[in-house]
Amino acid sequence: MPSSSSRLVLQGLSISRIQKFIPKKWKQSVKPVDIQSSQPSASYDYQRHELKTCTTDDKSMLENLLASLKEFVIQGNLLKAFNSFSLIQLHVSSIASYDVILHPISLLLVSCTKLKSLQPGKQLHAQIISLALEQHPLLVPKLVTFYSTFNLLDDAQVVTENCNFLHPLPWNLLISSFVKNEHFEEALSAYRKMVNKGIRPDNFTYPSVLKACGEILDVDFGRMVHNSINGSCHEWNLYVHNALISMYGKFGQVHVARDLFNKMLEKDDVSWNTMISCYASKSMWGEAFELFDGMRAEGVELNFITWNTIAGGCMQTGNFKGSLELLSQMRSSGIHLDPVAMIIGLGACSHIGALKLGKEIHGSAIRSCCDVFENVRNAMITMYSRCKDLRHAYILFQSIDAKSIITWNSMLSGYTHMDRSEEASFLFQEMLLSGVEPNFVTIASILPLCARVANLQHGKEFHCYITRHKVFEDRLLLWNALVDMYARSGKVLTAKRVFDLMRKRDEVTYTSLIAGYGMQREGQAAIKLFEEMLNLQIKPDHVTMVAVLSACSHCGLIIEGQLWFEKMQSFYGITPRLEHFSCMVDLYGRAGLLNKAKETITRMPYKPSAAMWATLLGACRIHGNADIGEWAAEKLLELRPENSGYYVLIANMYAAAGCWSKLAKVRTSMRDLGVKKSPGCASVDVGSVFSPFVVGDTSHKEIYQVLDGLTELMKDAGYVAWDKFGLDGEVLEEIE
């Protein structure tokens, strides 16, 4: 018999209240017993018949109550479901059939779990204990699930460890809950206890355990579990092997993961995606792209995660157009762009200046309500900024009420990218006034601008700010930016002092200082620093090689430049880009090897840029080679550049050669294209600030006095103005 505590639920319920609760149709199915008409002399057989009828009626009532409880559970009406359960308990007590109560308890536990009703569930658990059913195999898994739903994993663990039957289900549920809540050590501890109890893991146990091993990089335990799987009598399981591939991918053992992948009896989309993710995590994009192509060839369904991973890989490898093409194919296949895909697309548009496509992605984000995500809006600001549409970028920026540091950084980097120093300074001050503290990205964005406007005062202030805040000590990005700022500003000694103080250096650190030495025509120092970098096993990238070749060019180190250009390909596997060929043209041009420069241009696998033609043209002007100069001038005109300086350079060439008809053609091209020569501008330090000074500016008379003084000093030192290829005043005025 159940104890008295089991009847607490019925406390306060009178018979009349119970009768009111029972539906009329249920009452009609139970025939009332007329006690008045019963004869006291009834036989024993008649009494047995009446008792049998009563028992039958109780069972009928119980079935109806069970049906009522199920209906209330389906409707989510937990209160009425518990009322029905109280009535079921009453009837179970009357017919002494306690096994019947298991099903309604199970239903109520599931309902408490789904409706997230903690207190009723705990009361039900107490009732289960009072009925001595806490060890029942039907209820233990549901109790574990119930407590796990509320993240009461300690309670779930107590229920699991106290159960005395050797089935893995409760343990699987517990281990899975630990993993979902990122309690990986506890998950592995539960697995050990499970095995020590003599409970054999099954194919539902292993995926969670393998995931826990991968997350905490427990290689030894992961291998032990793998051996356990191989030694078990379970059939080969797809989900277990997917988990194995993922685990070895987390360990960085991609070759083991690929071997498992190749040996799989069958593969699903998860298998392919997992293997691609393994390659992506190690930046092995060539293998990832190859696997992606194989996945498509076999007709495996692609989900948005796969598309995003490969599109992101294209971004990281510099294939921005390929990234956008993949997103286009993704949409064509019926998969809508999610926020991650939009961020990738906006990033690709930023790099190639695809403003129109970026606006289309912006519109798609608005239609799909993805524009509410902060990272999507930040990507939009960056896209508009990099596409030189600062007006739209600022409108988006202003529309955001709660601006995070990332939002401020996105707008600041836009201004610095466009050399808008005044707007950047104003925005930085506005950020400080709003109470947002700059982080290392903020300062790293501002520092290059300090170098470009030749205003080192702000740069030095930021240097002090970095030094005072210990949180920036290990931010290599910041210290690299400082080295770059001083190097670009011509303060190579200061840059070297910062360089020497750094505890950690990478290829960016060395590249910045090498470039600084090159600009100061200290080529040997640049080469020596580059060799030091190589001795420290720091691998150069394509930017480093541009700095090295440029240093050789500025300092006339022809043999060294040729040597490093060849080694770049054979030793370091860097395919020469247009910038490297430009450096070689400049190297040969400065040295007067104009035929070599011409040969470099004609043989390279790229279309020459306007800057490259201008470099060759300038070299021809200096060394007096009119033939190659005219050839370069014609090629430059074909590109119809917008830079007015190129047209002046061409005009100088034609004027020096007496080609007045061609000079007229230059003037016509400038007029047709709307190109106007901007007056030369310089920033002059006038004390507390830097003031812009343009040609013909009469508002700074003191500057003219300084210029006159400098001119006299130059004459005294023996410098003479060289106008061999200059235009006379009248022609120059017409060109301008």
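Before I turn to the structure, one definition: a residue is called exposed when its relative accessible area is over 50%, buried when that value is under 20%, and partly exposed in between. Lys263, at 60% relative accessibility, therefore counts as exposed, and I will use these words in that sense throughout. Please also keep in mind that what you have in front of you is a predicted model.

Let me begin with the chain as a whole. The chain has 736 residues, of which 44% are buried, and its secondary structure consists of 40 helices and two strands. If we take the contacts between residues at least 6 apart in sequence, 60% of them join residues that are at least 24 apart. The chain exposes about 40,000 Å², and carbon and sulfur atoms supply 54% of that area.

I would like to look next at helix H7, which runs over residues 140–149 and is mostly covered, with seven of its 10 residues buried. Which residues of H7 are the buried ones? They are Val140, Pro141, Leu143, Val144, Phe146, Tyr147 and Ser148. The cover over these buried residues includes H5, helix H6 (118–130), H8 and helix H9 (169–180). On the H5 side we can name a residue, since Thr113 lies in that helix, which spans residues 102–114. Thr113 has a relative accessibility of 13% and so counts as buried, and, once its neighbours within four places in sequence are left aside, it is in contact with Thr145, Phe146 and Thr149. After H7 comes Asn151, a residue whose phi is positive, near 60 degrees.

A second buried position, elsewhere in the chain, is Leu396, which is found in helix H22 (residues 390–399) and has a relative accessible area of 12%. Not counting residues up to four places away in sequence, Leu396 touches His362, Met380, Ile381 and Tyr384. For one of these, Ile381, the C-alpha atom is separated from that of Leu396 by 6.5 Å, although the two residues are 15 apart along the chain.

Now to the charged side chains. Side chains of opposite charge can pair when their charged atoms come close. How many salt bridges does a search of the whole structure find? The search finds 11, and I will go through three of them.

In one, Glu215 pairs with Lys250, and the closest N and O atoms are 2.9 Å apart. Glu215 lies in helix H11 (residues 206–215) and Lys250 in helix H13 (residues 238–251), so this pair ties together parts of the chain that are 35 residues apart in sequence. Both partners are partly exposed, Glu215 at 33% relative accessibility and Lys250 at 39%. The pair also belongs to a network of salt bridges that links Lys211, Glu215 and Lys250.

Another salt bridge joins Asp586 and Arg590, with 2.9 Å from N to O. Here both residues lie in helix H33 (residues 578–590), four residues apart, which is about one turn of the helix. Asp586, at 18% relative accessibility, counts as buried, whereas Arg590 is partly exposed at 38%.

The remaining one of my three brings us back to Lys263, which forms a salt bridge with Asp259, the closest N and O atoms being 3.2 Å apart. Asp259 has a relative accessible area of 36% and is therefore partly exposed, while Lys263, as I said at the start, is exposed.

Finally, I would like to point out two patches on the surface. In the negative one, Asp154, Asp155, Glu185 and Glu186 gather together, with helix H8 (153–162) and helix H10 (184–196) each supplying at least two of the residues. Glu186, which is placed in H10, has a relative accessibility of 39% and so counts as partly exposed. We met H8 earlier, as part of what covers the buried residues of H7.

The other patch is nonpolar and is formed by Val706, Leu707, Leu710 and Leu713, which together have about 360 Å² of accessible area. Is Leu713, within this patch, buried or exposed? Leu713 lies in helix H39 (residues 701–716) and, with a relative accessible area of 56%, is exposed.

Methods
Residues are numbered from 1 along each chain as its sequence is written. This is a predicted model: local features need pLDDT of at least 70, side-chain atom pairs count only at pLDDT 80 or more; totals for chains, interfaces and linings use all residues. Side-chain values use heavy atoms; hydrogens and water are left out. Buried means under 20% relative accessible area, exposed over 50%, partly exposed in between (1.4 Å probe, protein chains only). Contact means heavy atoms within 4.5 Å. Accessible areas come from the Shrake-Rupley method with a 1.4 Å probe; for residues, only the protein chains shown count as cover. Patches are made of residues with over 30% relative accessible area and no salt bridge: like charges are joined within 9 Å, nonpolar side chains (Val, Leu, Ile, Met, Phe, Trp, Tyr) within 5 Å. A salt bridge is a side-chain nitrogen of Lys or Arg within 4 Å of a carboxyl oxygen of Asp or Glu. Lys and Arg count as positive and Asp and Glu as negative; His and the chain ends are not counted. The place of a charge is taken as NZ of Lys, CZ of Arg, CG of Asp or CD of Glu.
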